[in-house]
Amino acid sequence: MHNLIQKLINRLPLDFRILCRQFMLRVIDLEALSIQADVTGFLGQFAGVLIMLSLVHSLVTYVGFVSMGDPQARLGFCLHMEHHLIATMMLVVGLFTVLSWDATFPDRRDVMVLSPLPVAPHTILSAKVSASAAVLGIAILTLNCASGFVVPFLVGVLHGTPWSFYQSLAAYWIAIVGASAFLYCSVLTIQGFTALLLPRRMFLRLSAILQLAAFGLFLAVYFLEPTLSSPDAMAAPENQGLLACLPSYWFFALFNQLNGTLPAGFTWLAVRAWIGFAIAICGAAASLLLCYVRTMKKTIEEPDLVPGARGLHWMPWFGGSLKTAIALFSIRSLTRSRQHRVAFSFYLAFVFGIALSLLRDELASGAASEITVGFLISTFMMMTFAVFGLRSVFALPVSLTANWVLRTTQLRSSEKYIAATRGSLLLFAAMPAWLLSAGLAFHLRPASQVAAHLAILALLGWILAELCLIGFYKVPFTCSYLPGKSNIQLVFWAFFIVCLPLAVWIAEIELDALHHALKFACMAAVFAATALGLFGFNGFRARSAVLYFEELPEEVITTLKLSA
Amino acid sequence: MLEVQQLYRSYRGIPAIENVSFKVAAGEIVGFLGPNGAGKSTTVKIVTGMLRPNDGRVLFEGQDIAKDMVAFRAAFGYVPEEAHLYTYLSGLEYLQLVGRLRGMDEALIEAKATRLLKLLNLESWQYSPISSYSKGMRQRVLIAAALLHDPKLLIFDEPLSGLDVVSGRLFKDLLELLAAEGKAVLYISHVLEVVEQVCDRVIVIAKGKVLADSPPSDLVKLMSLPNLESVFAQLVKQQDTRAVAQQMVEAMRITHV
């Protein structure tokens, strides 16, 4: 089998194979990784997370299905899980499009490097499309590796015929692949036509905004869309408008159509899926072709140097020249480096996801209500994701070769640098998460309890920031990064296993404390003491700390590990 | 002002530099020459405090820099060989970052940065990201950053790289004025013609060892050669470039093996 695949690959043109491999690895920026970077291993770890999600999802589905005795309840459960899987797949594909933003279109580097070489534009185009399709295909396969068989099997069990399993299996995979391709191609179409219609420089500026807008849209739809997968909800007249606007339900209907379980009144939804799919594919093909004909030429023709406008020259002061330097350096690196922006967006996805869920509950309840355990847990988790997320992005270097300037200008103690890093963590992670929580708590009563919770949340933000600073003797975005050192899967699952129960436990204690002044005072005192203790501990260790810019010892780097 | 004493540094037992010693006095421009792999970069890294020597020391105003690195860092300006910068920052933002890291007053940074950028013909591009700059423009940003805090010692590593003729001339004039101001200048370059014109003294290093340390005119006279380029070729026993070029052309012509 392996030999057959190898023979088929070898029959492809050499330049296509080389470019395809190169473009596939471009999902991760090689320059930002340190000397031991293992891109395939890094991507493999992400695939591992998706596989684990699929396994957990399948287990939950199977256990849920078996525990239900009533066939109608089982059918409803299966329909709900089926829609949930399609919606989740669309979210994952949406996040993939955000992560690989612009990767399918030729950038300036491609044009400048490949134009002088004897490589035809159609080879570049086909290599880019193949690379994107391959990575997308891997994402689809990994996320559905278990659920892609379990759900069709359970649907087949409900129908009770041997043929129905195979029918469900085919319907499932067609619906999932169709939904993924629809979303991916829709984004490509919008990107491509924006690039064609706008001047190149304006497009590049707008592209970053479009990327964040798409990110927000995917999250908002996923977390805010109502559950309409039951036959009654789908049939309700007031839901028809929503069903017509939500693509996940189009492909849900497509699955049922292919499975032979779609009621006659909903054929129009499946038709929407087919039409949407066809339009997205044609749009993406047209925009890609036009882009490769026009954009490459436009990129070469654009002037190399254009004077920049002064623009908004806001100069905030963060209480000292070093603090200002580090804070501005952090925020500029975060907002201007695509890679860092996208990496931080991954964590912000969880923050906004939780926030949007809370907002949905608020919109549903309408009137002012009391603080619940759910609200407390949500705000704790938002704070945790924001602070830990920024800390992990801080560890990704922005330009290792440019770090010499920080090394040669270190005129103050490492303690001052670590204090400046603390300031950046609090300013750009803890404070926004706190403000978001305060905004979401606006309709909650009584106000005294809201204020008390916000005080606890502020202390939690401080504690998390201090925890992040333990052993972090670096300037943000300046130290080399070893993907193998931080095992993503381990961190991811440890986070859920440890943080979520901890958040539930603290929230339950806090909810009780919010009704008793003495208990609350004790809780606040414990939080404040923990924060102060960690602050003191970090301060003490920072006094003897030495800033470092390489994860590996200097000797290993300068000798290229030849002795190993 | 700067004194390098018996520097020794090896990588996995292989010496990169051995017993490198020289001095740079206030108001003096000292050229530091050597072929590729001679140990220039290692020496510069040690002198700027980025690398520690296995042996030997660097004195600045009589004090070992290892004992008070902060004071030394405050006193020198450095233009590295490669223009590695944070390219998503604008030229002005980069200078502001450097000024703040050096603890300079905000108003002073603003005034000096804008003035230097204007004098280096970067005024129109001061708000553009450095990623859009040409090599010469990046080099000019580095020169501005090195001068921003009025250092006593300046270390220029191939500063003319990428500069146009006008900027090159401006830089040579700048070197002379800096020396007249009493600054010590360590000037590393491969452009021997410029070194011969502007440097008071020349240090030639090859295979990690100092081969010569004299004024350029003395070297030329002593070795009875027409110019510094010939002296350099003689000292470092440069390979027969013509013969190597011929072999390269022959290698280019190979069609099959």
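This is a short tour of a predicted model, from the domains of chain A to one helix and then to the contact with chain B.

**Stop 1: chain A, by domain.** Select residues 2-301 of chain A; this is domain 1. Colour 321-558 separately, as domain 2. The C-alpha centres of these two domains of chain A lie 32 Å apart.

**Stop 2: helix H12 of chain A.** Select residues 247-259 of chain A, the helix H12. Put a distance between its end C-alpha atoms: they are 18 Å apart. The 13 residues of H12(A) should span 18 Å at 1.5 Å a residue, so the two values agree.

Now show the side chains. Is H12(A) mostly covered or mostly open? It is mostly covered, with 12 of its 13 residues buried. Among the buried residues of H12(A) are the aromatics A:Tyr249, A:Trp250, A:Phe251, A:Phe252 and A:Phe255. The buried set also includes A:Ser248, A:Asn256, A:Gln257 and A:Asn259.

Step past the helix to A:Gly260. This residue follows H12(A) and has a positive phi, near 80°.

**Stop 3: where chain B touches chain A.** Show both chains. The contact takes 30 residues from chain A and 29 from chain B. On chain B, select helix H2 (69-75) and helix H3 (91-101); each supplies at least two residues of the side that touches chain A. Which element gives the largest share of that side? H3(B) does, with 4 residues. Finally, colour the side of chain B that touches chain A by class: 16 residues are nonpolar, 9 polar and 4 charged.

Key:
Residues are numbered from 1 along each chain as its sequence is written. Chains are lettered from A and ligands numbered from 1 in the order in which they are written. This is a predicted model: local features need pLDDT of at least 70, side-chain atom pairs count only at pLDDT 80 or more; totals for chains, interfaces and linings use all residues. The expected span of a helix is 1.5 Å times one less than its number of residues. A residue is buried if 20 or more other C-beta atoms lie within 10 Å of its own, exposed if 12 or fewer, and partly exposed in between; C-beta atoms are placed from the backbone. Two residues are in contact if their C-beta atoms, placed from the backbone, lie within 7 Å. Ala, Val, Leu, Ile, Met, Phe, Trp, Tyr, Cys and Pro count as nonpolar, Asp, Glu, Lys and Arg as charged, and the others, Gly among them, as polar. Domain bounds come from an automatic or database domain assignment.
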